Amino acid sequence: MALDGITLHGLKRELQENLTGGWIRKIYQPRSELVTINVWNDEDYTLLISCDTDFRIQLTNLNLENPPKPPNFTMLLRKHLSGGKIARITQRELDRVLKISVDKKTEEEEGEGEIVRKELYVELMGRNSNLFLVQDEKILGVLKKKESERRPISKGSTYELPPKQDKIDPFELSEDQFREFLESDQPVWRNLLNNIEGIGPVLAKEIATRAGVSEEETELSKSDRTSLWKAAEEFFAELASGLNPLVYQEAGKPVEFSPIELESYSDREEISYGSLSEALDHYYKAREASYETDDLRQEIASTLEEEIGRVQGALENVKEQLQQSKNRDRLKETGDIILSNLGDLEKGMKNAELNDPYREGETREVTLDPSLTPEENAQKYYERYKKLKRGKEKLDRRQRSLKKELEFLRELSDNLDEAESKEELARIEGTLKEKGYIEEDSDSTTEQGGGGPKEYWVKGHKIMVGRNAKQNDDLVRNSSRDDIWLHVRKYAGAHVVIVTDGRPDQVPEEVIVKAAQLAALNSKARGADKATVSYTQLKYVDKPKGAKPGLVQITNEKTITVSPKEVIN
């Protein structure tokens, strides 16, 4: 059931008993709309606050996985609340708003400092649930920055409580008041919900069930009204005497929780708990596991979709380059034609109609470089032919490699479709991490050993780092013209190359940043706080003839400033 004001009142008592006077030690944000606060009060407690669809506040023993990088809101809470003492926990009547007051001593260079009070307002109101950090009635931060037409919620605005609903306190409800609002022609459960403070749909329908009246009844008899009043009176008296936290299950799965025994769920399996927090832990345990599984499945699916698209694009690019290389044999023939017609040629000619030895009786028009001799023109055609032939061999190897990679990724995608458990998903994720498609939590790249250039994988893109001048030269000489080259400015250091598979425009900015950090780290700038790194495509990198190893000239460069100290090892 959705958390109602009466259940929240019971939870408030649990929190007051266990957390008042406790010290806030750690704060995390396992999900975008869920915060946990570790409190020490003679023993460890974890306070859970969810403003998601499962909106609630409770003490929890659930083991929730935290993101490697804390969100901004977490950092704000840590700054203002860590080390603070919980002074009070209050609720506005039976409304679904809790206020947690925290006292924290300010840090002063001299003297003892002063105690400053901060408040956490926890508003648990369905899709409008939210969490506010407030000081002196001013909002310091808000979990969900969704604009509201009713009141300002932005940082710096004055905090205003949500508008109070015009409802009657159930523990002060008179029979006359009760009978008056039953006059409405709405279903009986809706009349109870709209007029009695602190109850939700489940408890409203429970009163009707206990009265023996259909919850959807709109035309009530005199005896119906009497039965409803008696049932409501006894129901709230039972609540006032103490709570009996329960979880109801069907086929072994939790279907409802309640602060009190429900006759409307008497046909379900009933499990009793010593506290509402324990009941909520049981109820939401399977759901939390489902959240983690869904998040993991979505991350894997997104990665596979992105990488399959990348490989398909690279294959298409290779296919186009192979198509272009099919004309290489014609270049060799042109060189042969020039050599077989040397007597008809001389330096300075731009073109000539020459006999074609491959096609008896036919001629072919040949384009010539007037600055070269006929023999040099023939050699130029041969060199272009050899270059394309070598390129063809590379392209064939690359095509085979990409096809194999695509088959591997599609097989993983099929495995993902069939995976049901978190363990199966974790195995798929582990395979993707091992291959460099997903970054490790503590290390965004995976270093490969060996005597050649160091290799790293970031988001499925290979980054190569030269270890010495010769390797730097080899990287420039052997890498594709479309690969991205990086080098730190004004310092000696490694040449770094990002392999782009012919698609430099598809390389994510994050990959370029990591490659730039690697360039800075593997240079004389490694001890600096900041370093400027140049980068460009390799087609704009030229090694002059006779230049020392590692020296190049570049054009069309861009620059990026990074910190060598931020790069992962």
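Here are some notes on the predicted model above, taken point by point.

1. Overall shape. The chain holds 12 helices and 22 strands. Its radius of gyration is 36 Å, well over the 25 Å that the globule rule gives for 569 residues, so the chain is more spread out than a compact globule. If you want a feel for that in space, the C-alpha trace spans about 120 × 65 × 40 Å along its principal axes.

2. Burial and contacts. Of the 569 residues, 46% count as buried. The chain exposes about 30,500 Å², and carbon and sulfur atoms supply 43% of that area. As for who touches whom, take the contacts between residues at least 6 apart in sequence: 55% of these join residues at least 24 apart.

3. Aromatic pairs around Y283. The count for the model comes to 10 aromatic pairs. One to look at is F257 with Y283: the ring centres are 5.0 Å apart and the planes sit at 70°, so this pair is edge-to-face. F257 belongs to strand 11 (residues 253–258) and Y283 to helix 7 (residues 276–325), so the pair ties together parts that are 26 residues apart in sequence. Both F257 and Y283 are buried. Y283 also pairs with Y284, with ring centres 4.9 Å apart and planes at 90°, so this pair too is edge-to-face. Like Y283, Y284 is buried.

4. Charges over rings, and a cluster. Staying with Y284 for a moment, R56 lies over the face of this ring, at 3.8 Å from the ring centre. Elsewhere, K205 lies over the face of W189, at 4.6 Å from the ring centre. There is also an aromatic cluster to pick out on screen, formed by Y121, F132 and Y159.

5. Helix 4 and its cover. W189 turns up again here, as one of the buried residues of helix 4, together with V188, N191, L192 and L193. What covers these buried residues includes helix 3 (175–181), helix 5 and helix 6.

6. Helix 5. Which residues of helix 5 (residues 201–211) are buried? They are V202, L203, A204, E206, I207, A208 and A211. Note that E206 is in that list. These buried residues pack against helix 4 (188–195), helix 6 (222–241) and strand 11. Strand 11 is also where F257 from point 3 lies. Just after helix 5 comes G212, with a positive phi near 75°.

7. The strand 1 and strand 2 hairpin. Strand 1 (residues 23–31) and strand 2 (residues 34–40) pair in the antiparallel sense over six bridges. They form a hairpin with two residues between them. To get the register, look for K26, whose bridge partner in strand 2 is N38.

8. Strands 13 and 14. In a regular strand the side chains alternate between the two faces of the sheet. Strand 14 (residues 363–367) shows such alternation: R364 and V366 point to one face and are buried, while T363, E365 and T367 point to the other and are not. Strand 13 (residues 351–355) runs antiparallel to strand 14, and five bridges join the two. Within that pairing, A352 stands opposite V366, and V366 is one of the buried residues just named.

9. Two backbone angles to check. Most residues other than glycine have a negative phi. E93 has a positive phi of about 50° although it is not a glycine. Where is E93 placed? E93 is in the loop between strand 5 (85–91) and strand 6 (97–105). With a relative accessible area of 49%, E93 is partly exposed. D136 is another residue other than glycine with a positive phi, in this case near 50°. D136 is found in the loop between strand 8 (130–135) and strand 9 (138–142). Is D136 buried or exposed? D136 is exposed, with a relative accessible area of 64%.

Key:
Residues numbered from 1 in each chain as written. Predicted model: local features only at pLDDT ≥ 70, side-chain atom pairs only at ≥ 80, totals over all residues. Heavy atoms only, no water. Phe/Tyr/Trp six-rings, centres within 6.5 Å; stacked < 30°, edge-to-face > 60°. Helix = DSSP H or I, 4+ residues; strand = E, 2+ residues; numbered from the N terminus. Buried < 20%, exposed > 50% of the residue type's maximum accessible area, 1.4 Å probe, protein only. Lys NZ or Arg CZ within 6 Å of the ring centre and 35° of its normal. Pairing = 2+ DSSP bridges. Contact = heavy atoms within 4.5 Å. Rg over C-alpha atoms; globule rule 2.2 N^0.38 Å. Areas by Shrake-Rupley, 256 points an atom, 1.4 Å probe, with all protein chains shown as cover.
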